[in-house]
Amino acid sequence: MIEKPGEPGALPDVAQLKREVAEVVKTTPVIDVHTHLLAPQFGEMSLFGIDELLTYHYLIVETFRSSEVKPEQFWHMNTAEQADLVWKTLFIENTPLSEATRGVVTVLNALGLDTGAADLSEARAYFRSRNLAKHVDLVLDLSSVSDVVMTNDPFNTQEARVWEARADIDKRFHATLRMDRLVNDWEHVVPRLSQLGYQVETRGSAKTAAEVRRFLGKWIEAMKPVCMAVSLPAEFKFPDNDARDWILREVTLPTAREHGLALALMVGVRRGVNAALRVAGDGAGSADVGALERMCAEYPDVRFLATFLSRENQHELCIAARKFSNLMPFGCWWFLNNPSIISEITRERLELLGTSFIPQHSDARILEQLIYKWQHSRDVIAESLCESYERLLHSGRAVTRQEIERDVTRMLSGNFLDWIGGLPTRLVTGPSELTTEKMRQPEEPDVVTTY
Ligand code: RAT
Ligand code: ZN
């Protein structure tokens with residue numbers, strides 16, 4: 001039943017509406033649909049603590065801007081030395097005003113640590129004293145994150161060992177089968193697949209495509225991913241006449257179909273703009289949203305999640321989503337994950353799409369980042385949503401607390417659950433089918449993922 005101003009449950013008072021919206025957005029559990037976190041069972045790949053927080057690549061670039069240290073010097077330091085330098089440069093010698101620096105302050109504050117400490121000794125002692133399992137519970141609780149979607153590269157040998165061992169991975173952590181190497185680095189992937197025993201050749205053939213699909217099928221069986229994902233360059237075209245187009249058409253999209261997996265496209269990255277900065281050296285570029293529209297039109301039976309890195313592409317993405325019901329916009333990605341831009345994008349999406357989008361993901365790489373990324377984003381999402389409810393009120397329709405809860409739940413978890421058809425269960429069973437591949441995994445060199 002639609003509540004009118006004055007009817008029971010309706011919230012015609014703006015101050016009260018603001019309080020209710022803020023509370024609902026703050027406390028509604030979220031499924032974090034794209035992170036680089038790994039469950040504790042992944043051992044040292046599962047990052048947490050002050051040294052990792054401070055050596056986040058977003059902060060490394062900011063340190064270069066405010067200190068004399070050159071990238072080569074920085075990369076020669078150990079993690080603790082790097083963290084000390086970042087702390088001194090960005091938090092003591094400068095005021096932590098940027099989004100990434102403020103994030104560290106939010107985290108320290110939430111954990112009851114000194115946000116203006118002269119050095120890192122107190123914070124280091126705190127994290128050393130933590131039991132990881134309990135710490136994960138605390139962080140998920142403080143961030144109201146119910147489920148974390150990881151990024152899993154099937155070519156990462158270190159990670160592969162955990163999947164092969166069929167470890168009992170924390171059920172709140174879900175896999176994404178990341179396709180970047182296959183889709184964007186086909187030439188280097190071919191020798192690797194051959195080494196693993198797949199009959200593939202650089203010049204795509206039906207046999208090669210079938211073999212790569214067989215490879216992905218095994219990983220899907222092992223990881224039970226919630227979806228597949230790939231980042232694409234700003235110049236991405238579809239259709240195109242290159243290896244990427246072939247892989248997408250013959251491998252990725254048929255795999256999405258066969259396994260009923262949604263495909264997340266993250267478009268607009270320019271990798272290695274300044275290669276000396278390593279993981280911190282990527283940039284952004286405006287992309288062609290038309291390429292995504294053409295893919296949605298050609299593959300109406302595949303569900304796409306999409307995010308663009310350039311601010312300029314956001315409006316077109318909303319319009320594309322209005323045209324294709326197999327397209328779900330998600331998140332304010334990477335360089336867009338700042339309050340001013342989240343606010344703009346969320347308001348634009350609400351105006352064009354109602355609640356039929358996923359407003360945010362964290363992209364967290366270090367566990368405690370969940371605290372700040374979600375706290376900061378929720379504040380802005382609440383403001384944007386409240387603005388929409390206020391306009392609606394002004395037009396003559398007051399909302400109820402139940403409606404607010406329904407809307408927020410839809411955006412923070414419902415849309416994603418619908419899209420992926422529910423969260424899969426990873427059953428820990430007998431020996432993995434991947435064991436045969438394990439025998440062939442080269443011991444050296446390890447492929448360490450940067451995705
Ligand atoms: O936001 C990030 O941390 C980036 O480095 C990327 O990893 C990006 O999110 C990606 O998934 O490619
Ligand atoms: Zn990411």
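# A working chat on a predicted model

Student: What share of the 451 residues of the protein chain counts as buried?
Tutor: In this predicted model, 56% of the 451 residues of the protein chain count as buried.

Student: How many helices and strands does the chain have?
Tutor: The protein chain has 19 helices and nine strands.

Student: What radius of gyration does the chain have, and what would a compact globule have?
Tutor: The protein chain has a radius of gyration of 23 Å. A compact globule with 451 residues would have a value near 22 Å, so the two agree. Along its principal axes, the C-alpha trace spans about 70 × 55 × 45 Å.

Student: What about contacts between residues at least 6 apart in sequence: what percentage join residues at least 24 apart?
Tutor: Of those contacts in the protein chain, 79% join residues at least 24 apart.

Student: Turning to the surface, how much area does the chain expose, and what do carbon and sulfur atoms supply?
Tutor: The protein chain exposes about 19,200 Å². Carbon and sulfur atoms supply 51% of that area.

Student: And the charges, how far apart are the mean positions of the positive and negative ones?
Tutor: The chain carries 50 positive and 64 negative charges, and their mean positions are 3 Å apart.

Student: Now the interior. Which residues touch the most other members of the largest nonpolar core?
Tutor: They are L54, L193, F304, L305 and L327, in a core of 143 residues. Helix α17, residues 369-395, contributes the largest share of this core, with nine residues. Another core lies apart from it and has six residues, including C332, I341, I342 and V380.

Student: Which residues is L327 in contact with, leaving aside its neighbours within four places in sequence?
Tutor: L327 is in contact with L292, C296, F304, A306, L317, A320, A321 and W419. One of these, F304, is also among the residues that touch the most other members of the largest core.

Student: Back to α17. Is D379 buried, exposed or partly exposed?
Tutor: D379 is located in helix α17. It counts as partly exposed because its relative accessibility is 44%, and the partly exposed class covers values between 20% and 50%. D379 and C332 are 47 residues apart in sequence, with their C-alpha atoms 14 Å apart in space.

Student: Where is T255, and why does it count as buried?
Tutor: T255 is in helix α13, residues 243-259. It counts as buried because its relative accessibility is 1%, and the limit for buried is under 20%. Leaving aside neighbours within four places in sequence, T255 is in contact with R213, L216, I220, M228 and G260.

Student: A change of topic, the backbone. Which peptide bond is cis?
Tutor: The peptide bond from F238 to P239 is cis, with omega near 0°. P239 is in the loop between β5, residues 227-233, and α13.

Student: What is phi of R166, and where is that residue found?
Tutor: Phi of R166 is near 50°, a positive value in a residue other than glycine. R166 is found in the loop between α9 (157-164) and β3 (173-174). With a relative accessible area of 14%, R166 is buried.

Student: And what is phi of W334?
Tutor: Phi of W334 is near 60°, again a positive value in a residue other than glycine. W334 lies in the loop between β9 (327-329) and α16 (339-353). At 10% relative accessibility, W334 counts as buried.

Student: One last region. Where is S144, and which residues does it touch?
Tutor: S144 is in the loop between α8 (132-143) and β2 (145-149). Not counting residues up to four places away in sequence, S144 touches K26, T27, T28, P29, V30 and R378. The C-alpha atoms of S144 and Q375 are separated by 9.3 Å, although the two residues are 231 residues apart along the chain.

Student: Following up on T28: is it buried or exposed, and what does it touch?
Tutor: T28 counts as buried, at 9% relative accessibility. T28 is in the loop between α1 (14-27) and β1 (30-32). Not counting residues up to four places away in sequence, T28 touches S144, R378, V408, T409 and L412. T28 and S143 are 115 residues apart in sequence and 9.9 Å apart in space, C-alpha to C-alpha.

Definitions and conventions: Residues numbered from 1 in each chain as written. Chains lettered and ligands numbered in written order. Predicted model: local features only at pLDDT ≥ 70, side-chain atom pairs only at ≥ 80, totals over all residues. Heavy atoms only, no water. Core = buried A, V, L, I, M, F, W, Y, C linked by side-chain atoms within 4.5 Å. Buried < 20%, exposed > 50% of the residue type's maximum accessible area, 1.4 Å probe, protein only. Helix = DSSP H or I, 4+ residues; strand = E, 2+ residues; numbered from the N terminus. Contact = heavy atoms within 4.5 Å. Rg over C-alpha atoms; globule rule 2.2 N^0.38 Å. Areas by Shrake-Rupley, 256 points an atom, 1.4 Å probe, with all protein chains shown as cover. Lys, Arg positive; Asp, Glu negative; His and termini not counted. Charge placed at Lys NZ, Arg CZ, Asp CG, Glu CD.
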